[in-house]
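Trainee: I should like to study this model step by step. May we begin with the terms and then proceed to the structure itself?

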Amino acid sequence: MRDHEERMSADGPDLVGVREVRGLVAALSARPRKQGRPLPVVVLVGPPGAGKTALLEETDARYAGRVPRVLLDFGALPADVTPAEVFRRLALGLGRYCPQFGRLPFPLVEICLAASAPADGAGGEAEPGPEPPVLGELIRPVLDLALGSSEWLSAVDALLKVIDVANRRRVLRRLGAMSRGQGDARDVMVALREAVRDGAAGRAAVDRVVGRAFRADLREAFAGWFDRNRRTANCLVLLDNAHLPAGRHFLRTLVDGDEPRPDPVVVVAAAARWDTAWDGRWQRPGIPVTRSADLPLPLGMAGVARAVDGDAPPASPWLLVRVGEVSAKDARRVRPADQADSVLAGAPSFLHRVTGGLPWAVHQVIDVARTLPRNAPAEGLRTLFAVALEDGDRAVTLVDRSERHLLDGGFSLSELEDLTVASATRDLGFPAGAGIPGVGPSRSAEALRAKLVNNFLLDRREGEPARLVLQPWLRHVLLHRLASRPDDHRDSWEKVHSRGRRHHRAQENAVDSLYHGLALGDVDAVVEHLAGMLREPLDRAAGWAWVDAFEAITSAPNRLPKDQEPRRQVEHLIADRDAEDALPRLVVARWLQQDPTGDPAEHLRPTIATSAELVAARARGEGAIVLQDRVEEYAQWR
């Protein structure tokens with residue numbers, strides 16, 4: 001998986017939650033009554049391609065010249081960068097001149113980094129100064145005086161001359177409070193003395209001390225009548241690729257390094273993987289409902305909107321915000337001119353249905369659609385995954401590109417094989433070690449499932465029971481890979497679905513057995529089963545059971561030819577059946593329509609509505625009302 005998420009423009013005001021995140025950052029940036037407040041670290045979480053980087057870049061551009069801000073990408077930093085060095089870079093960024101705010105000084109950070117150079121060894125880009133052993137000899141006596149001696153300020157003055165820290169008078173004025181035991185500065189210097197005495201073993205302590213110095217400098221920059229009145233909003237720190245080891249280390253140092261106190265800074269990070277530091281306060285998306293059920297899931301856009309509208313945000317230090325699903329309405333607003341000028345104009349719902357709203361995939365589909373003839377019928381989108389794309393000096397398909405973007409770096413080839421086979425099932429909810437032989441992941445299923453959860457590629461779909469499902473775009477990609485395998489492949493389409501059908505028959509699970517059977521083209525068995533359920537009067541539970549079975553079975557994937565208009569294909573598939581029986585037409589039409597590439601423009605909706613009305617008329621008993629309610633839903637499709 002790539003550490004650098006591809007950049008995408010945030011076209012349209014609502015793409016990947018721009019509006020909600022804007023509101024959240026604005027709310028946290030405010031300083032009610034010119035006072036700070038304990039702020040959480042906002043973490044944007046979602047799969048690769050969710051638009052996290054685009055959100056950070058949009059926020060960075062929006063606040064340019066308005067507040068001190070800094071955007072730092074852990075993917076562009078050395079892998080072994082220390083938290084102390086990250087704090088230094090943040091201090092440099094926030095210390096740049098900003099109208100109304102002036103320049104924020106960070107003298108304690110500079111002193112700490114210079115003083116800790118022998119122990120930390122990570123002052124790679126620090127200002128030049130004496131060799132570390134010499135500097136250490138000068139610093140240690142000064143730190144020994146930091147407990148309150150009135151003589152230590154003169155020593156600090158000499159030290160500042162050697163370190164060449166700017167604004168020496170301001171620094172000395174601030175540090176003068178130490179002799180009276182007041183202020184953050186004294187605590188920082190005392191802690192620094194202990195850390196430096198530990199030598200190389202004090203690296204973690206130095207990181208914490210520099211973090212405390214960073215926060216102490218920020219608080220002081222907003223103290224006093226003048227600064228409090230001109231600096232009317234919090235600073236902004238933006239951290240990309242915070243899921244990398246250096247990013248996780250820094251965030252933990254940041255939140256663990258000081259007691260919760262008002263800090264005049266908003267921290268917004270982006271992470272493509274789960275961090276176990278969140279486990280005690282948030283529930284991982286995609287895990288069974290029985291685990292950590294009392295913890296909240298990361299906020300969706302609606303939850304962010306509620307927090308902005310006045311609900312108190314979750315307790316510090318973490319506020320997780322799930323991004324990565326564009327609504328159907330917003331998908332049509334992504335590059336609308338490009339959509340109107342392509343075959344997508346004839347299939348307005350296709351873009352969201354096939355991508356599941358994943359922003360990166362939305363852009364990919366728009367680009368591929370523009371390679372197809374503008375005046376081609378919408379059915380041209382049925383071959384979406386087979387279109388060859390230029391990628392450097394070679395041709396690739398959307399399948400190749402998507403697998404590389406979503407899975408490379410985090411999943412092995414054997415795990416990709418397992419996922420391709422597992423995409424044939426209705427969900428990934430079968431227990432490890434007891435999956436469908438040859439259908440579920442066979443190599444450490446629990447570990448594979450954990451990878452999917454931790455990379456935000458597995459979701460929990462509510463229902464009875466709740467099901468775990470792959471992200472829709474990833475599943476479409478993997479199903480296409482499975483369908484393209486030759487019949488003599490050990491895990492071909494035919495073999496995988498045949499094994500699944502046998503397994504569920506043995507388990508007496510009719511719905512899943514028929515689901516795999518329909519994927520193999522066995523329409524007759526599905527029709528016979530559903531017709532049998534209608535022969536006896538239905539109570540309401542039986543009515544719902546029929547609807548649920550119908551929807552579950554017809555959600556089966558297909559590898560039908562893509563060269564026919566969908567309505568004509570339906571009639572071809574039921575040509576040998578009773579023309580007066582509406583049930584075969586309903587089953588086949590809904591089967592094709594549930595697959596976005598089966599019916600891109602959803603021309604089959606009227607067929608489904610009419611057929612469902614005829615089938616529901618056959619039902620008897622109180623459960624017939626349930627079927628009629630579903631008919632009314634379908635009727636809106638006409």
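Mentor: Buried means under 20% relative accessible area, exposed over 50%, and partly exposed in between (1.4 Å probe, protein chains only). This is a predicted model, in which local features need pLDDT of at least 70 and side-chain atom pairs count only at pLDDT 80 or more, while totals for chains, interfaces and linings use all residues. Residues are numbered from 1 along each chain as its sequence is written, and side-chain values use heavy atoms, with hydrogens and water left out.

Trainee: What percentage of the residues of the chain count as buried?

Mentor: The chain has 638 residues. Its secondary structure comes to 29 helices and 9 strands; helices (H or I, at least four residues) and strands (E, at least two) are DSSP runs, numbered from the N terminus. The share of residues that count as buried is 54%.

Trainee: Which helix gives the largest share of the largest nonpolar core?

Mentor: A nonpolar core is a set of buried Ala, Val, Leu, Ile, Met, Phe, Trp, Tyr and Cys residues joined through side-chain atoms within 4.5 Å. The largest one has 75 residues, and among those with the most contacts inside it are Leu90, Phe214 and Trp318. The largest share of this core, 8 residues, comes from helix 10 (residues 203-221).

Trainee: With which residues is Leu90 in contact, leaving aside its neighbours within four places in sequence?

Mentor: Contact means heavy atoms within 4.5 Å. Leu90 belongs to the residues with the most contacts inside the largest core. Leaving aside neighbours within four places in sequence, its partners are Val70, Leu72, Phe214, Val237, Leu239 and Phe250.

Trainee: Which strands stand at the edges of the open sheet?

Mentor: The sheet has 5 strands in the order 2-3-4-1-5, and the pairing is parallel; two strands pair if DSSP finds at least two bridges between them. An edge strand has a single partner strand, so one side of it is left without a neighbour in the sheet. The strands at the edges are strand 2 (69-73) and strand 5 (318-322).

Trainee: Which residue of strand 5 is the bridge partner of Val45?

Mentor: Strand 1 (residues 41-45) and strand 5 pair in the parallel sense over 5 bridges. One of the partners in strand 5 is Leu319, which is bridged to Val42. For Val45, the partner is Arg322.

Trainee: Which residues of strand 5 lie on the side opposite Trp318, Leu320 and Arg322?

Mentor: In a regular strand the side chains alternate between the two faces of the sheet. In strand 5, 5 of its 5 residues are buried, and both faces are covered. The residues on the other side are Leu319 and Val321.

Trainee: Are helix 25 and helix 27 roughly parallel or oblique to each other?

Mentor: Helix 25 (residues 540-553) and helix 27 (residues 582-594) pack with their axes 10 Å apart, at an angle of about 55°. Axes are lines fitted to C-alpha atoms, for helices over the stretch in contact, and angles run from 0 to 180 degrees between N-to-C directions. Angles under 35 degrees count as roughly parallel, over 145 as roughly antiparallel, 65 to 115 as roughly perpendicular and the rest as oblique. Helix 25 and helix 27 are therefore oblique.

Trainee: What is the relative accessible area of His529?

Mentor: His529 is found in helix 24 (residues 523-533). Not counting residues up to four places away in sequence, it touches Ala510, Leu514 and Ile553. His529 is partly exposed, and its relative accessible area is 26%.
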